[in-house]
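Q: Please take a close look at one part of this model, the places where the backbone geometry stands out, and then set them in their wider surroundings. I would like a connected account that I can follow with the model open beside me.

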Amino acid sequence: MEIKLETPLTEDKILNLKAGDSVLLSGVIYSARDAAHKRLIDLLNEGGDLPLNIKDETIYYVGPSPAKPGMVIGSAGPTTSYRMDAYAPTLMDLGLRGMIGKGARNEEVIESIKRNKAVYFGAIGGAAALIAKSIVKSKIIAYEDLGAEAIRKMEVKDMPLVVIIDADGNNLYELGQQDYLNSIK
């Protein structure tokens with residue numbers, strides 16, 4: 001069963017999500033990769049204000065390719081999430097509720113997910129053109145000079161995701177391994 005979920009992701013919307021749940025996400029999300037994350041943290045360290053209100057928002061770790069004529073966006077597959085691990089806890093402490101990417105997260109990020117009641121979703125790597133079909137609007141809102149890594153405000157409709165790490169810190173990558181090892185005993 002797929003869970004339909006609308007942004008913004010308030011705490012009450014995600015508390016019942018469990019690692020392994022399939023989600024169809026709709027609403028506004030933001031794109032940002034490592035270069036944009038570094039700028040956001042540098043801005044905070046300098047006492048500046050972020051170019052978006054991060055509370056209850058979701059960041060998709062993506063650097064989409066240019067849009068073809070008549071398209072909203074080009075291919076938009078997830079990038080490897082650990083590249084944002086140094087920055088994610090600070091953003092979650094400011095209210096970031098959801099992250100979308102691929103791959104494992106470090107222990108500091110997992111502890112921050114639990115502390116802040118956040119969620120880490122996995123998007124399917126290698127399905128960039130398919131995922132792009134769920135992005136119905138896209139507009140650069142910050143750091144245009146970063147090209148594909150600029151921050152975009154995007155509207156998504158039924159973006160297919162899987163809960164990798166839920167608000168309790170349950171991790172699908174670990175649970176899946178355990179289930180497999182138990183099944184071959």
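A: What follows takes the backbone first and then moves on to its surroundings.

The model is predicted, and every value below is computed from it. Starting towards the N terminus, the peptide bond that joins threonine 7 and proline 8 is cis, with omega at about 0°. Proline 8 itself sits in the loop that runs between strand β1, residues 2–6, and helix α1, residues 11–14.

Two further residues, neither of them glycine, carry a positive phi. In lysine 117 the angle is near 50°, and this residue belongs to the loop between helix α4, which spans 107–116, and strand β5, which spans 119–122. In aspartate 158 phi is near 55°, but here the setting is a strand, β7, covering residues 151–165. Are the side chains at these two sites buried, partly exposed or exposed? Lysine 117 has a relative accessible area of 25%, and because partly exposed covers values between 20% and 50%, it falls in that class. Aspartate 158, at 24%, is likewise partly exposed, because that value also lies between the two limits.

At the other side of helix α4, the loop that comes from strand β4, residues 98–101, holds asparagine 106, which is partly exposed at 31% relative accessibility. The C-alpha atom of asparagine 106 is separated by 9.7 Å from that of serine 81, a residue 25 positions away along the chain. Arginine 105 lies over the face of tyrosine 120, at 4.8 Å from the ring centre. As for rings paired with one another, the count of aromatic pairs comes to zero.

For the wider surroundings, the largest pocket holds about 170 Å³ of space. Its lining includes Ser65, Pro66, Lys68, Met71, Ile73, Gly74 and Ser75, and also Ala129, Ala132 and Lys133. Sorted by class, that lining has five nonpolar, three polar and two charged residues.

Finally, the UniProt record, an unreviewed entry, places the feature "domain: Fe-S hydro-lyase tartrate dehydratase beta-type catalytic" at residues 2–174. In the model, the end C-alpha atoms of residues 2–174 lie 21 Å apart, and the span is 23% helix and 28% strand.

Conventions. Residues numbered from 1 in each chain as written. Predicted model: local features only at pLDDT ≥ 70, side-chain atom pairs only at ≥ 80, totals over all residues. Heavy atoms only, no water. Helix = DSSP H or I, 4+ residues; strand = E, 2+ residues; numbered from the N terminus. Buried < 20%, exposed > 50% of the residue type's maximum accessible area, 1.4 Å probe, protein only. 1 Å grid on protein atoms, 1.4 Å probe; cavity = no way out; pocket = protein on both sides within 12 Å on 5 of 7 lines; lining within 4 Å. Points joined across faces, edges and corners; volume = space filled by probe spheres on them. Nonpolar A, V, L, I, M, F, W, Y, C, P; charged D, E, K, R; others polar. UniProt positions renumbered as here; feature names shortened; annotations may be inferred. Phe/Tyr/Trp six-rings, centres within 6.5 Å; stacked < 30°, edge-to-face > 60°. Lys NZ or Arg CZ within 6 Å of the ring centre and 35° of its normal.
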